[in-house]
Amino acid sequence: MKLGDIEIQAVVENKFKLDGGSMFGVIPKSLWSKLCRPDENNLVDMDINPMIVKTGRDILILDTGFGDTLNERQTKIYGLTQTSRWENILVEESIKPEQVTGVILTHAHADHAMGAFKRGHDGSVQLRFPNAKYYIQKREWQDAMNPNERTAATYIVEKLRLLEDSGKLVLLEGDTELFPGVSVKVIGGHTPGMQAILIDGGGQRVIYPGDLMPMAAHIKIPYVAAVDLDPITTMNQKRWLHEKMLKEDWIIAFDHDRQFKLAKFRQDENGKIVPVGV
Ligand SMILES: [Zn+2]
């Protein structure tokens, strides 16, 4: 899709399954299962949807998926059902990894940050986009590098350390414009340092809000994942996003939806907010 001079493309890096209960928090299964059908193990299917942004000067990647350097145990824990599609995606989009100048991470959870790495021919772990700078909030980075008992399963610290040691990491402190038309805004909730990425062009705005609203099934305010560290902040930010989506006609890029990659919101005759694909 074109936003003035900026071109954006949602891509599917991988597919995975997570426990439905952990994805919908306090919502009873009898309700969430109507929106999201679980399998016999109570797992729900999710896509991993990074975005490619071409500004005319820069090629940017928003979140990176899981990548292909996970071990067997991690692959099983995260319910990955196939291998990383990064190689295919880059061929399909006619992008050489060296051309990518910026990678913006909403947060450092494994399904968002581990695609920053690839397995080299010699088996070593390397940066997938060798010439890019990697942008993330400083707060998120500190939390990721010092996980607690609750967050330890979501961050792969030994890999993140490779990124830190590469000298390519840029730690942000708050909201800022990183490239013309591309800015970040701290959202919190899911993790205290999670940021949304905003893309502005041609009078339109796209928001890539990370795991604030991972799927269209999470549009309703209380449909908040149990893994969110501060669910009240998530609900407040969702309320804010509803208003922007409806009143200012923003476009949302869902990071885990199977059906909707980019959508606008409309209110139906009963006041219910429904996604409309764009
Ligand atoms: Zn996450």
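Colleague: What makes up the open sheet, and how are its strands ordered?

Modeller: 7 strands, in the order E12-E13-E14-E15-E16-E17-E18, with mixed pairing. Strands are DSSP runs of E, at least two residues, and helices are runs of H or I, at least four, numbered from the N terminus. Two strands pair if DSSP finds at least two bridges between them. This is a predicted model: local features need pLDDT of at least 70, side-chain atom pairs count only at pLDDT 80 or more, and totals for chains, interfaces and linings use all residues. Residues are numbered from 1 along each chain as its sequence is written, and side-chain values use heavy atoms, without hydrogens or water.

Colleague: Why are E12 and E18 placed at the edges?

Modeller: Strand E12 (176-179) and E18 each have a single partner strand, so one side of each lacks a neighbour in the sheet.

Colleague: How do you know that E17 and E18 pair?

Modeller: Strands E17 (262-267) and E18 (273-277) share 5 bridges, and run antiparallel. At least two are required, so they count as paired. One bridge joins phenylalanine 265 to proline 275 in E18. The hairpin has 5 residues between the strands, and its glycine 271 has a positive phi near 85 degrees.

Colleague: What about E14 and E15?

Modeller: E14 (195-201) and E15 (204-208) are antiparallel, with 5 bridges. Isoleucine 199 is bridged to valine 206 of E15.

Colleague: Why is the zinc arrangement called irregular?

Modeller: The donors are His107 (NE2), His109 (ND1), His190 (NE2) and Asp211 (OD), at 2.1 to 2.3 Å. Donors are N, O or S atoms within 2.8 Å of the metal (3.2 Å for Na, K and Ca); water is not among the atoms, so a site may look incomplete. The 4 donor atoms subtend angles of 86 to 176 degrees, which makes the arrangement irregular. Four tetrahedral donors need all angles between 85 and 135 degrees; four square planar or six octahedral ones need opposite donors over 155 degrees apart and all others between 65 and 115; anything else is irregular.

Colleague: Is serine 94 buried or exposed?

Modeller: Its relative accessibility is 63%, so serine 94 counts as exposed. Exposed means over 50% relative accessible area, buried under 20%, partly exposed in between (1.4 Å probe, protein chains only). Serine 94 sits in the loop between helix H4 (86-92) and strand E7 (100-104). Its phi is positive, near 55 degrees.

Colleague: What makes aspartate 249 partly exposed?

Modeller: Aspartate 249 has a relative accessible area of 31%, so the middle class applies. Its loop joins helix H8 (231-247) and strand E16 (251-253). Aspartate 249 has a positive phi near 60 degrees.
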